[in-house]
Amino acid sequence: MTQETRSTCPYCGVGCGVIIESDGAQITGVRGDPDHPANFGKLCSKGSTLHLTAAAAVTQQVRLLHPMRREHRGERATRVSWDQALGFATETFAQVIRADGPDAVGFYISGQLLTEDYYVFNKLAKGLIGTNNIDTNSRLCMSSAVAGYKMTLGADAPPSCYDDVNHAGCIFIAGSNAAWAHPVLFRRIEEARAANPAMKIVCCDPRRTDTADIADLFLAIQPGTDVMLFHGMLHVMLWEGWVRHDWIGRHTSGFDELKATVRDCTPDSVAQVCGIRKEDLLEAARLFATSPATLSLYCQGLNQSTSGTAKNAALINLHLATAQIGRPGAGPFSLTGQPNAMGGREVGGLANLLSAHRDLANPQHRAEVAALWGVPSVPEKPGKTAVEMFQAAADGEIKALWIACTNPAQSMPDQATVRRALERAEFVVVQEAFLTTATCDYADLLLPATTWGEKTGTVTNSERRISRVRPAVPPPGSTRHDWAIAVDFARRLERKLRPGIATLFPYSTTAPEAGVEAVWNEHRESTRGRDLDITGMSYALLEKAPLQWPMRSGEAQGKLRLYEDGIFPTPDGKARFANVTYRPVAEPRESRFPFSLTTGRLRDQWHGMSRTGTLGRLFGHVAEPSVQMNPQDMQRRGLAEGDLVHLTSKRGSIVVPVQGTEQVGLSQAFMAMHWGGEYLGGLSNTGQPLAGVNALTTSAFCPTSKQPELKHAAVKILKAELP
Ligand code: SF4
């Protein structure tokens, strides 16, 4: 008999509810949950094929089913028991910590993990081991949004919700191809516009994406010039008298300093830097400022930049200057890329954060978390963020790495350095559901984890909504839940490092439903009195419906949107204008590398394809990797459609077919991020084998958010000579 289990899609940050059908042993079907407020029953091509990818993973034998150990690098891994695997991991980590100190180890985790997984890993690193060397692939995805919100609004709390799409008069989309990256939300935008023909959509992006195609106004800006565009719009708003000085006076601080900065951002100069028409700049400013309600949606085009924080803050400045915030349809709404980037932020699962949006740099916050965890202190020394962590491992400073649910040997920029780090590290643990990731090849120890359809816990989507993730089928083979693996390792390690002390991890791993709820309850308690207070929620309430934070004790529901009272979580209750300045990309194109390369997602693929790559039909949209160029550039270089080209940056080179499209501007190129080394044989300048487009990308990062500039590298494109 078919069983039905309500859960959440494991792909993007829209966080759609799904109903999983199973026969108790195998997943047999999936459909959208009509009662889930993120999607009301809709699913995109990825979500609607989850049951097929689950089945394909079994038939294609891509799941990691048992713990495996490699005696020597380069050899085949052999099966070991969980006891042997965790014993080996514990001995090795304890040895490294005793010999070289706690900062000689690092944990690199993932926005694919559930909130409970994240919570335990964070406590393991910061509470037990005493290192802040724990970071996540969300650093590549969301850290600029976090920093932008905190800099301006005082807290990492997206003030808007999906329902705002239905109330907006103007939707301003910046650096987001929502049509492909957040398809169900995009469908909602299309429906809202159909219901309200007066709605205007403005899109700014270097590429004319499918999202840009529905815009009333498309600004094809030069890569990395977003801050200049937003400052130019503010200049126009000031000139035209569209700024809300009354609201600014009551609810903000710092406007005079910003006014002085944008004085020089005249329409002529902005149009020249951004490569757009002056008239379009004026129209964008008018639509944004004079609409009854403006909602901005933004994503990696703003975040993945050496100016990531400044771009986020400059866009939020526009909302503050025009009072387009705290009302239905108005607000700056950062879209999360991964399914639980938000949950990771909530538990402080990044090198610079602590539980419940606390800051590592704040002594009081460290003391609060130490008291919550029952440890003497939380270390003060900042942890290594993603790029810094792999650099430290490449330099021999970090000797043991634990990587969970992510594939840095494909997804991190500057692959030559990352792979050098994985080779040089004395001990690499990879905790994974899929055998096929490039990172598995570097593991000394492989720990098999459960995945979608098997896991239990919670995730938080872009609109602060917490949903349950539920198991429909039993874990296959010897796989275990990510949080439970971390707990069992932690308990063994604490017996070595803190013998005789009561465990910091009192969660049952033999009764996973009770154990995971105990983890979540502890996380909930850590939020008491904080901006994301969820003390009014419980697993029992989440069983009935997903809920948005904050939801304080005694409240019947969470908050749909924030700051409706005009009071912000800053010391004086006022939002802060961020006086940021425009800086060009880290690696401008020049005569030797004359193209700007941007990277991004395809509609039907996800990350490194470990799940979507198992299903032929998901290659129907785009069948193979290519680099896209403007046809005029191809003609000038004597390139024909499908020619193989060497795509080369200062860090490496790959060979890939070229495809002409007017979507890409002159002197620009685009390549999807999904394909790795099995498709693209590439060599670094030092002859190392490399994977995918990240052989070329730069690890230069935003000085505030530490998010790397995956959206821009200077490259050259030369026709490959056939043998
Ligand atoms: Fe899953 Fe995102 Fe598609 Fe929804 S829009 S089904 S969350 S991939």
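**View A. Helix 1 and the strands that cover its buried residues in the predicted model**. Strand 2 (17-22) and strand 3 (27-32) are among the elements that cover the buried residues of helix 1. Helix 1 spans residues 50-59, and its buried residues are Leu50, His51, Thr53, Ala54 and Ala57. These residues lie on the same side of helix 1, because they cover an arc of only 165° around the axis. Just after helix 1, Gln61 adopts a positive phi of about 55°.

**View B. The open sheet of seven strands**. The strands of this sheet follow the order 5-4-18-17-16-6-7, and their pairing is mixed. Strand 5 (78-79) and strand 7 (134-136) stand at the edges. Each of these two has a single partner strand, so one side of each is left without a neighbour in the sheet. Strand 7 pairs with strand 6 (residues 105-109) in the parallel sense, over three bridges. In this pairing, Tyr108 stands opposite Asp135 of strand 7.

**View C. Helix 3 and helix 17 with strands 6, 7 and 16**. Helix 3 (residues 115-129) packs on the sheet, where it touches strand 6, strand 7 and strand 16 (400-404). The direction of helix 3 makes about 165° with that of strand 6. Helix 17 (residues 386-394) lies across strand 6, strand 7 and strand 16. Helix 17 runs at about 140° to strand 6.

**View D. The cis peptide bond between Trp549 and Pro550**. The bond that joins Trp549 and Pro550 is cis, with an omega of about 0°. Pro550 is located in the loop between strand 21 (547-548) and strand 22 (575-576).

**View E. Ala356, a residue with positive phi in a loop**. Ala356 is not a glycine, yet its phi is positive, near 60°. The loop that holds Ala356 runs between strand 14 (353-354) and strand 15 (358-359). Is Ala356 buried or exposed at this place? Ala356 has 25 other C-beta atoms within 10 Å, and a residue counts as buried if 20 or more lie within that distance; Ala356 is therefore buried.

**View F. Arg464, a residue with positive phi in a loop**. Arg464 has a phi of about 65°, a positive value although the residue is not a glycine. Arg464 is found in the loop between strand 19 (457-460) and strand 20 (465-469). With 25 other C-beta atoms within 10 Å, Arg464 is buried.

How values were computed: Residues are numbered from 1 along each chain as its sequence is written. This is a predicted model: local features need pLDDT of at least 70, side-chain atom pairs count only at pLDDT 80 or more; totals for chains, interfaces and linings use all residues. A residue is buried if 20 or more other C-beta atoms lie within 10 Å of its own, exposed if 12 or fewer, and partly exposed in between; C-beta atoms are placed from the backbone. Helices (H or I, at least four residues) and strands (E, at least two) are DSSP runs, numbered from the N terminus. The arc is that of the directions from the helix axis to the C-beta atoms. Two residues are in contact if their C-beta atoms, placed from the backbone, lie within 7 Å. Two strands pair if DSSP finds at least two bridges between them. Axes are lines fitted to C-alpha atoms, for helices over the stretch in contact, and angles run from 0 to 180 degrees between N-to-C directions.
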